[in-house]
Amino acid sequence: MMDKEKRRKTRSRCPVFSRCGACKHIDVPYEEQLKKKKDILTDLLGEFGEVEDMVGMRDPHHYRCKVTRVFVQGKGGKILTGNYHEGSKDIVPVENCLIEDSKADRIIKDIAELLTSFKMKIYNQRTGYGNFRYAMVRTGKNTGEIMVILVTRSPVFPSKNNFTKALLKLHPEITTIVQNVNDRTDSLVLSNKNNVLYGKGFIEDSLCRMKFRISPGSFYQVNPLMAERIYKKAVSFIPDGFKGIVMDAYCGTGTIGLVASKKCENVIGVELSGDAVKDARVNAKINSVKGYSVFQEDAGEFLERYYNDGEKVDILIMDPPRQGSTPEFIDTLKRLSPEKIIYVSCNPITLKRDLALLTEPRAGARGSYKVRSITGYDMFPFTENCEACVLLSKSSVSAD
Ligand code: SAH
């Protein structure tokens with residue numbers, strides 16, 4: 001009994017826990033993780049208002065719908081796959097990860113075996129010799145569609161038709177296979193050069209009863225089950241049949257704004273990435289959304305021009321990357337003075353900084369913003385990251 005207890009304490013349930021570094025809390029009971037994350041949010045954001053209990057997952061395992069592996073040539077020619085050790089170029093062999101989609105892991109394992117039997121030359125970062133670099137598997141959790149992306153250094157992929165056939169024979173559930181040609185030497189996994197080997201070259205997933213196209217390089221939340229819950233919360237702050245203008249800043253492929261469009265007539269998206277904007281337009285079309293437009297620009301610059309043109313925003317949704325928004329964006333936003341601001345954040349530290357700016361009174365303004373609700377979402381179980389959805393409205397008006 002003692003031995004068992006001791007083993008449980010010393011041995012992780014993940015065989016590469018000590019070397020991988022991605023899941024810091026893989027052995028912490030889930031309820032405890034949720035409590036810790038709520039405490040972190042309360043420490044950082046408590047000064048703005050009460051933090052509600054974290055919304056967690058029923059089963060927090062295997063949630064990642066995007067799995068990427070680097071390939072290396074092991075001793076005796078055997079091809080191995082793994083992840084980069086956090087912050088280094090060392091590779092940690094990974095086969096069955098507790099947070100990744102299991103089917104994706106099985107496909108990647110078989111890709112490694114096929115590459116060995118096809119005698120494929122694996123790229124060596126040090127010497128620059130070899131061709132095959134990474135495999136990425138993206139799955140539509142709700143549609144079951146699966147995209148495999150094979151990243152090579154050169155456009156030449158020896159025996160690619162036979163390789164594709166062999167992979168499809170092992171995994172007929174794969175719906176599309178794409179070769180991505182990436183000869184960059186930095187850490188970016190994908191370039192924008194795609195060559196479709198099988199199927200449509202993209203997958204679709206559904207969220208909040210809408211379809212979303214996922215191209216090889218486009219951003220899509222890695223935990224769609226939780227993304228759906230946070231989107232629903234964000235959109236719940238918009239009244240049904242809302243006639244005003246809703247802006248979705250940092251909109252990616254348009255997800256939150258398009259879900260919001262079910263409740264309102266005018267939605268404007270703003271996003272820096274050209275590929276994401278293209279996908280957002282396709283997504284508006286495949287969901288027959290009217291009254292939606294999306295602009296490719298830096299969100300701060302767009303907002304400034306929009307304000308100078310005398311336009312208005314009634315409700316603003318913002319979902320910036322980890323570094324948060326900018327003082328310029330927030331300053332213009334306060335001048336635009338929407339009724340409500342719905343802030344979706346993946347980094348509570350930059351969220352705190354931005355909320356401090358948003359709630360700071362501004363001379364001559366019609367009242368400053370007050371935080372009305374803060375809810376944490378466990379989008380990344382077992383890791384240290386946590387997501388939050390915050391509602392702000394004018395201190396002179398009451399929140400719905
Ligand atoms: N709301 C989307 C995307 C959130 S991720 C979703 O839930 O899927 C943050 C997005 O901000 C990314 O798509 C990124 O390309 C975009 N982004 C980063 N910097 C930006 C900037 N300066 N201006 C506009 N968009 C930016």
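Q: Which residues come nearest to the ligand?
A: In this predicted model, the ligand has 15 residues around it, and those that come nearest are Y231, E271, D298, A299 and D319.

Q: And by class, what sort of residues make up that shell around the ligand?
A: Sorted by class, the shell holds eight nonpolar residues, three polar ones and four charged ones.

Q: What does the side chain of D298 do with the ligand, in terms of N or O atoms?
A: An N or O atom in the D298 side chain lies 2.8 Å from a nitrogen atom of the ligand.

Q: How much of the ligand does the protein bury, then?
A: Taken alone, the ligand would expose 580 Å², and the protein buries 85% of that area.

Q: Which part of L272 lies 3.2 Å from a ligand nitrogen, backbone or side chain?
A: For L272 it is the backbone, where an N or O atom lies 3.2 Å from a nitrogen atom of the ligand.

Q: What about T255, which ligand atom is its side chain 3.2 Å from?
A: That is an oxygen atom of the ligand, and the T255 partner is an N or O atom in the side chain. The side chain of T255 also makes a polar contact of 3.2 Å with the side chain of Y231, and Y231 is one of the residues that come nearest to the ligand.

Q: Where is T255 found, and is T255 buried or exposed?
A: T255 is found in helix 7, which covers residues 255-260, and T255 counts as buried because its relative accessible area is 7%, under the 20% cut-off.

Q: Changing topic, how many disulfides does the count come to?
A: The count comes to zero disulfides. As background, a disulfide is a covalent bond between the sulfur atoms of two cysteines.

Q: Why is there no bond for C208?
A: The closest cysteine sulfur to that of C208 belongs to C389 and is 12 Å away, which is too far for a bond, because the two sulfur atoms would have to lie within 2.5 Å. C208 itself counts as buried, with 7% relative accessibility.

Q: And how far is the sulfur of C264 from the closest cysteine sulfur?
A: For C264 the distance is 14 Å, to the sulfur in C208, and that is again too far for a bond. C264 counts as buried, at 7% relative accessibility.

Q: Okay, rings now: how many aromatic pairs are there?
A: The count comes to eight aromatic pairs. One of them is formed by F71 and F132, with 5.1 Å from centre to centre and 80° between the planes, an edge-to-face arrangement. This pair links distant parts of the chain, with F71 in strand 2 (residues 66-73) and F132 in strand 5 (residues 132-139), 61 residues apart. Both F71 and F132 are buried.

Q: Why is the pair of F132 and F157 called edge-to-face?
A: The planes of the F132 and F157 rings are at 85°, with the centres 6.5 Å apart, so the pair is edge-to-face, because the planes are over 60 degrees apart. Here F132 in strand 5 is linked to F157, 25 residues apart, in the loop between strand 6 (146-152) and helix 5 (160-170). Both F132 and F157 are buried.

Q: Which residues do ring pairs link into a cluster?
A: The cluster linked by ring pairs is made up of F71, F118, F132, F157 and F163.

Q: Last one, where is the place of I111, and is I111 buried or exposed?
A: I111 sits in helix 4, residues 102-117, and I111 is buried, with a relative accessible area of 0%. The C-alpha atoms of I111 and T164 are separated by 10.0 Å, while the two residues are 53 residues apart along the chain.

Notes. Residues are numbered from 1 along each chain as its sequence is written. This is a predicted model: local features need pLDDT of at least 70, side-chain atom pairs count only at pLDDT 80 or more; totals for chains, interfaces and linings use all residues. Side-chain values use heavy atoms; hydrogens and water are left out. A residue is near a molecule or strand if one of its heavy atoms lies within 4 Å of it. A polar contact is a pair of N or O atoms within 3.5 Å; within protein, one must be able to donate a hydrogen and the other to accept it, and residues adjacent in sequence count only if both atoms are side-chain atoms. Accessible areas come from the Shrake-Rupley method with a 1.4 Å probe; for residues, only the protein chains shown count as cover. Ala, Val, Leu, Ile, Met, Phe, Trp, Tyr, Cys and Pro count as nonpolar, Asp, Glu, Lys and Arg as charged, and the others, Gly among them, as polar. Buried means under 20% relative accessible area, exposed over 50%, partly exposed in between (1.4 Å probe, protein chains only). Rings of Phe, Tyr and Trp (its six-membered ring) pair if their centres lie within 6.5 Å; planes under 30 degrees apart count as stacked, over 60 as edge-to-face and the rest as tilted. Helices (H or I, at least four residues) and strands (E, at least two) are DSSP runs, numbered from the N terminus.
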